[in-house]
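User: Could you take a close look at one part of this model for me, the sheet in the first domain of the first chain? I'd like to know how its strands are arranged, and then what else is worth seeing nearby in the file.

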Amino acid sequence: MLQTSYSRYKYTPDEISEDEFLKRFVVREDIFSDIFEDIKSSDDSNTNQHYILIGQRGQGKTTLLRKLQIEVKNDKKLSKFLLPIKFAEEQYQIRSLCRLWEEVAEYLQTFYEDEFTTVLDDMEEHFEDEDYYLKCFSYLESVVKTKGKKLLLLIDNIDELIGKLSEKEQRQLREILISSNIFRIVGGSTKMLEHQHDYSKAFYEYFKIIKLKSLNAKESREFLLSIEKEEQKEQIQNVIKNSPARVETLRRITGGVPRTLVMLFDIFLDEDGNAFDDLLKILDEATPLYKHRMDDLPPALQEIVHTIAINWDGMLTGEIAKKLRLESKLVSAQLKKLEKYEIVESESIGKNKIYKIKERFFNIWYLMRFGRKKDRQRVEWLIRFLQSWCTQEELEERAVNIIENITNDKLSSSFIFHMTEALSYAGLDLDIDNKLKMESKKHLLKKNSTFAKELSESDNDILGKAIQLEQKNEVDAAILLLLNSKKDSSIINHMLAQMYLRLEQYENAEQYFQKSFYKQNSQFSANISIAYYTTGECKDRALTISQSLYTKQNNKINTMLYGLILLWDEDFSKSYQVVENYFQEEDEDTFIIEYFKLLISKGQFYQAKKILEMPEYQLKERYKPIWYALITLMQDEFPHEIKKMGRELAESVEEVLKEIEVYKEKYAI
Amino acid sequence: MKNCVGQVVRGDDFWDRTTELETIWDAIDSGSHILLVAPRRVGKTSIMHKIKDEPKEGYIVIYIDTESADNENEFWHKIFNAMQEEEFVNRLKSKSKKLCERVKNIRIKKVSASGVKFGDGQTLDYLAAFETLVKDLEIDKKLIIMVDEFAQTIENIIKYEDIKNANSLLKAHRALRQNQKVSEKVTFIYAGSIGLESVVSKINSIKIINDLNSIKVLPLSNSEAFKFVSQLCLSTKIELREEVIYHLLNKVEWLIPFYLQLLIQELKILSRENTESLSDASSIDIAIDKALEHRSYFESWHTKLKESFSKEEYLFAKEVLNIISENYTMESSAIINIAAKHSLDEDEAKDMIRTLVYDGYINNNENPKVYRYNSPILRQWWNKNVAN
């Protein structure tokens, strides 16, 4: 039997125990305290400010509602009069305004029965009254008032409730919002992000709308640290300390949405595929919403979304236009629309813009559903994740693990299929790849799973076919076969190189030799680029190489190198953006020293000063010679600071200054 | 003072609009019935709540929102219900013992199309019932009945019933106002986010309301707005330099509290993300861009037009607003030109433009022949989301 339900609770904030929940609440504290402070400081003379929290799925709306519920209950003063009422997430049998008030009454009668023993029963007595629909709120209101209480209605998916109200009921609700102060609403909504959402209901104006944004790098780290149990904590701390770039990659893949972040992270820790099955289930749940999102777009926009989603990585307007065989101008206008609908987002790179799907979870859903069969498209997101989080050995270890567990019949078919595909495209040793594919296929066939037919071929099969073609002298066909496999393993790249050699296409051959080499030693390209940098030659070539390295894998070396060369190229703000997350490294770091020397030599004193002084990095203390070299150059403005310099530093400061002087010329453009 | 966005502001959070309040109380003292005139979101409802929460000596205030009522019966239902509500009755106790006793004793059994049925079996028509109810008010006391969204009720009746019934309710109110016995004891204040005058003039009944004393609620003046913003900054703990505040006021131009509150909310979020970002004027521009992303706060400016006009009128109004959002101004001759395109005659077009002016979209204050948006923020939103 498969275990299917064990960890789903992790992603449903309402099902976690209270203690556990509170411990994990480490992000979005600002928003919580804003609302909570407002609630605490309200008195009878005020009409209550209502709120709606808007965010993508998994952004933390339900979590915030629960946090409010708990904290109100735990607050000595508030709990005396303020009663939180939180309906279950899928409560919506509520189809009319009266039903809403009846639900509230029922909740009161159930959960606060000492005080509201008969409130619903009393209301029921009036059910038959001709004017019941006009008066039902006043019945409720007067009971609540008599008891000296107030209500905090926490309503998830509030847009659904509002959408079901008739036009007249909407007017009634507006009246109630304006004139009654016995309750306050805090709602959550996903749909209000959707472009087809009907905003015309005038009472949305009566709410303070709070958008939940994606987590930034710091929040992501705090969040990851808070979610796991003790035994995993160490593992996470190690990751955060030793390879912060991994967390950053994870953040990018998930768009900084907390729940998606957790889910992918769990896959990293996952041994038996449960986390993966959970992910699939949650993707399923999102299907109606996402389907709606696509169906509501005109065909031209659908096509663009399809193109970008299938590509996973961001795309330039020109690239999209080329794929669709359309004019750039036309595509660009459509992209603007999609950006307005918040379906895509753009990032400026120089004069160009790169577009990608804004909600990464939607992109994952799209790939899984519409990616071509027997192609890496469907698991591209997982490949990226595995490549950035696992070393070659770890990837292979995972594969071996799966091979073992398949025989124990412990794993679900979908997990076996997707993980086999992803690991295989991520690049495995030939034998392991072959064995994994064979075992998976055998198992999937035995289980009668449709996935059996959808497994891509193993490197071994592909190589076999290619060699057969080669022997028949059909080298072109062999090359085509290898290219179409879209495999990135060193053996396939090596084979390609050899085929090109036979055709005497040396440039192509070199390229694939290099690729196959790069797989084994990622330092290769980085070294070329570092060589260019140290000699101060071939800036543009260095830029191209370092950029492509960075796009492939933004680990620390690639990132700092790219940032450094951007600086050389005087693309300042881009450079700051790229390196921003790496200043926290605790050990003295030659890259960081280099970065500041170059920055100062480019005359960017204030920026250098700003970064060195950021309290979170304490760089000023850690790189004293750099700091005082900078202050020496700025001494007219900061005459006092220079006096703080200890004598022992003088020599190294002098050295830095000399180097900066050299750099001015060496890296001039 | 808290930064409330959108919701009615009461108590300490209310910004003292002394001039408006004085004008209104003067009018009440002089015995006239009042029509509060102002575009949506200027703060009428907040002013009414201020009057209710802190009335002058000798007055008892009742506030009713009637926008959900779509027939005469429901309207009266609301009035009578409000007068029997416990909170109101409790307040009556200290102010008017006699009326309080009366309200307590004469339980109203049923309000229906045939009139009001009292506990003692007597059925009176609405007016008589109302008169009976208020006649026991002490001689030195006066009841102020504020009817919010009254124009919406009239529009509902036109839409769901007919013009005749709408007129009947308007006439009933006029009769009440002209009934001396009632008028001595009751002051009516009507208000709403759509203009009563434009709704009533559409059904040619403007004379039924020409006895009302109309009082305009204006946006804040520059100096009021400056104080208002400073106060909000203080309470939300953000720091804005004086010239940055002036830049903000300049950008908002049409200084209604709602826009100022909205921007302060956005600035607060900005300040969290980057503490230095508020130091210069460009942060205001960013905050405005962010504020414009809240579709929910602006969309109703658009849908309202669709709801309250015929299709041709709507298309005309939309095109005019589109053009002004693009070119900043538009001459009346050009407007007439567009009217012809939508087969409206000059008078109809002028009526429409008057409504747009009344409802707070545009004005011709600087030059009677040239129209522009009241609010550059709305212009920007309209241009981005409706016109393009």
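**A sheet and its strands**

Analyst: The domain assignment splits chain A into domain 1 (28–211), domain 2 (459–520) and domain 3 (584–669). Bear in mind that this is a predicted model. For a sense of scale, the C-alpha centres of domain 2 and domain 3 of chain A are 49 Å apart.

Now to the sheet in chain A. Five strands make up an open sheet, and going across it you meet them in the order β2-β3-β4-β1-β5, with parallel pairing. At the edges are β2 (82–86) and β5 of chain A; each has just a single partner strand, so one side of each is left without a neighbour in the sheet. From one strand to the next, the twist averages 15°. As background, strands of a sheet pair through backbone hydrogen bonds, either parallel or antiparallel.

Strand β1 of chain A, residues 50–54, is a good one to zoom in on, with five of its five residues buried. In a regular strand, side chains alternate between the two faces of the sheet. Both faces of β1(A) are covered: A:H50, A:I52 and A:I54 are buried on one side, and A:Y51 and A:L53 are buried on the other.

What does β1(A) pair with? One partner is β5 of chain A (residues 207–211), which pairs with β1(A) in the parallel sense over five bridges. Within that pairing, A:Y51 has A:K208 of β5(A) as its bridge partner, while A:I54 stands opposite A:K211 in β5(A). Another partner is β4 of chain A (residues 183–189), which runs parallel to β1(A) and is joined to it by four bridges. Here A:I54 turns up again, with A:S189 in β4(A) as its bridge partner.

A helix residue ties in with this picture. A:L65 sits in helix α3 of chain A, residues 61–74. If you're wondering why it counts as buried, A:L65 has 24 other C-beta atoms within 10 Å, and the cut-off for buried is 20 or more. Setting aside neighbours within four places in sequence, A:L65 is in contact with A:K86, A:L154, A:D156, A:V186 and A:G188. A:F32 is 33 residues away from A:L65 along the chain, yet their C-alpha atoms are separated by 8.9 Å.

Over in chain B there's another sheet to set beside this one. It is an open sheet of three strands, in the order β9-β11-β10, with antiparallel pairing. The edge strands are β9 (329–331) and β10 (362–363) of chain B, each with a single partner strand, so one side of each has no neighbour in the sheet. β9(B) pairs with β11 of chain B (residues 370–373) in the antiparallel sense over three bridges, and B:M330 stands opposite B:Y371 in β11(B). Helix α16 of chain B (residues 311–327) lies across β9, β10 and β11 of chain B and runs at about 125° to β9(B).

Chain B also has a helix pair to look at. Helix α6 (residues 126–134) and helix α8 (residues 163–178) of chain B pack at an angle of about 35°, with their axes 11 Å apart. The crossing of α6(B) and α8(B) is right-handed. In this contact, B:Y126, B:L127 and B:F130 of α6(B) meet B:A172, B:A175 and B:L176 of α8(B). By type, that comes to six nonpolar residues, no polar and no charged.

Technical notes:
Residues are numbered from 1 along each chain as its sequence is written. Chains are lettered from A and ligands numbered from 1 in the order in which they are written. This is a predicted model: local features need pLDDT of at least 70, side-chain atom pairs count only at pLDDT 80 or more; totals for chains, interfaces and linings use all residues. Axes are lines fitted to C-alpha atoms, for helices over the stretch in contact, and angles run from 0 to 180 degrees between N-to-C directions. Helices (H or I, at least four residues) and strands (E, at least two) are DSSP runs, numbered from the N terminus. A crossing is left-handed if the near helix is turned anticlockwise from the far one by less than a right angle, and right-handed if clockwise. Two residues are in contact if their C-beta atoms, placed from the backbone, lie within 7 Å. Ala, Val, Leu, Ile, Met, Phe, Trp, Tyr, Cys and Pro count as nonpolar, Asp, Glu, Lys and Arg as charged, and the others, Gly among them, as polar. A residue is buried if 20 or more other C-beta atoms lie within 10 Å of its own, exposed if 12 or fewer, and partly exposed in between; C-beta atoms are placed from the backbone. Two strands pair if DSSP finds at least two bridges between them. Domain bounds come from an automatic or database domain assignment.
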